[in-house]
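The notes below are meant to be read with the model open alongside. They take the ligand surroundings before the fold as a whole, and then turn to individual positions.

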Amino acid sequence: MILASGSPRRRELLSNLGVKFEVLVSGEDEDSPETNPQKLAGDLALLKARSVAKLHPDAVVIAADTVVACAGELLAKPADALENAAFIRTLAGKTHQVFTGVTVLSPSGTFSGVERTDVEFRPLTEQEIQFYARSGEGLDKAGGYGIQGVGMGLVARVNGDYSNIVGFPLALVMRLLRRAGVPVWDDLTGATDLQGATRA
Ligand SMILES: Cc1cn([C@H]2C[C@H](O)[C@@H](COP(=O)(O)OP(=O)(O)OP(=O)(O)O)O2)c(=O)[nH]c1=O
């Protein structure tokens, strides 16, 4: 199995499912004219998975893409701290949507889905916006923030799957992997069972 992603968050979250995998980053250009955020997240996940599957047609390949949308505007990764501050200013005091598309390509077929989570930012002062943008934490992240880090302090409320915001919606990922025939949370070999006996 191959994770087609350079994201350390995705690597960590996929490890939690107890599946063995290798990491191979797709060299695919992520540009797309698509403006619907849900469709865009799905399209880019498929693109990333396909570019790795081309080279490894017998593998199961999983890829994901996260898109942040606020009132019709798509917020990708900020180019610098100045743009990061502008993104956080846009998000302050409002609810935005985080979409993550996931694609699993296996020799038996293509399995995909898109998860949506709504995130409400609290109203922020200009000083808070500047402080966060200067931290640099948001530069490699869609929307310019990381909810799993300092960015947690920007957030008032979350509605939906938290892991989706971090870029890898685990419930959806588990569903798609199982549909593709990949066992998840399944291998108990060598584990001690709940009565204290060790399994063969
Ligand atoms: C909103 C938000 C995004 N993110 C991350 C998740 C994704 O890794 C990233 C969005 O960029 P993506 O293009 O989805 O992924 P990536 O470039 O990090 O990795 P790859 O294309 O190789 O798979 O933003 C967080 O970690 N925390 C957050 O709170």
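1. A residue is counted here as near the ligand if its C-beta atom, placed from the backbone, lies within 6 Å of it. The model is a predicted one, and in it 23 residues stand around the ligand, of which Ser5, Gly6, Thr66, Ile147 and Gly167 come nearest. Two elements, helix H1 (8–15) and strand E3, each give two or more residues to this shell. The largest share, 4 residues, is that of E3. Sorted by class, the shell holds 9 nonpolar, 9 polar and 5 charged residues.

2. The annotated position deserves a comment of its own. UniProt, in an unreviewed entry, lists Asp65 under "active site", and such annotations may be inferred rather than shown by experiment. Asp65 is found in strand E3, which covers residues 61–70. Asp65 has 26 other C-beta atoms within 10 Å and is therefore buried, the cut-off for that class being 20 or more. If its neighbours within four places in sequence are left aside, Asp65 is in contact with Ala41, Leu44, Ala45, Lys48, Thr100 and Gly101.

3. On confidence, the protein averages a pLDDT of 95, and 98% of the residues score at least 70. For the complex, the predictor gives an ipTM of 0.98 together with a pTM of 0.95. Where pLDDT is low, the predicted coordinates should not be read in detail.

4. The protein has 6 helices and 7 strands, and these follow one another along the sequence in the pattern β-α-β-α-β-β-α-β-β-α-β-α-α. What radius of gyration does the protein have, set against that of a compact globule with 200 residues? The value for the protein is 18 Å, which agrees with the figure near 16 Å for such a globule. Taken along the principal axes, the C-alpha atoms fill a box of roughly 60 × 45 × 25 Å.

5. Burial and contact range can be read together. Of the 200 residues in the protein, 38% are buried. Among contacts with a separation of 6 or more, 67% are made by residues 24 or more positions apart.

6. Val166 sits in the loop between helix H5 (162–165) and helix H6 (170–179). Is this loop residue buried or exposed? Val166 is buried, because 23 other C-beta atoms lie within 10 Å. Although Val166 and Arg10 are 156 residues apart along the chain, their C-alpha atoms are separated by 8.1 Å. Not counting residues up to four places away in sequence, Val166 touches Arg9, Ile147 and Gln148, and Ile147 is also one of the residues that come nearest to the ligand.

7. A second loop position, Arg122, lies between strand E6 (109–121) and helix H4 (126–135). Arg122 has 13 C-beta neighbours inside 10 Å and so counts as partly exposed. The C-alpha atoms of Arg122 and Gly153 are separated by 8.8 Å, with these positions 31 residues apart along the chain. Beyond the residues up to four places away in sequence, Arg122 touches Gly93, Leu154 and Ala156.

8. Gly143 belongs to the loop between H4 and strand E7 (155–159). With 29 C-beta neighbours inside 10 Å, Gly143 counts as buried. Residues up to four places away in sequence aside, Gly143 touches Val68, Leu75, Phe87 and Leu91. The C-alpha atom of Gly143 is separated by 15 Å from that of Thr35, a residue 108 places away along the chain.

9. Two backbone conformations should be inspected by eye. Ala71, in the loop between E3 and strand E4 (73–75), has a positive phi of about 50° although it is not a glycine. Ala71 is exposed, since 10 other C-beta atoms lie within 10 Å. Trp185, in the segment after H6, likewise has a positive phi of about 50° and is not a glycine. Trp185 has 11 other C-beta atoms within 10 Å and is therefore exposed.

Technical notes:
Residues are numbered from 1 along each chain as its sequence is written. This is a predicted model: local features need pLDDT of at least 70, side-chain atom pairs count only at pLDDT 80 or more; totals for chains, interfaces and linings use all residues. A residue is buried if 20 or more other C-beta atoms lie within 10 Å of its own, exposed if 12 or fewer, and partly exposed in between; C-beta atoms are placed from the backbone. Two residues are in contact if their C-beta atoms, placed from the backbone, lie within 7 Å. Ala, Val, Leu, Ile, Met, Phe, Trp, Tyr, Cys and Pro count as nonpolar, Asp, Glu, Lys and Arg as charged, and the others, Gly among them, as polar. pLDDT is the predictor's confidence in each residue, from 0 to 100. The radius of gyration is taken over C-alpha atoms; the globule rule is 2.2 Å times the number of residues to the power 0.38.
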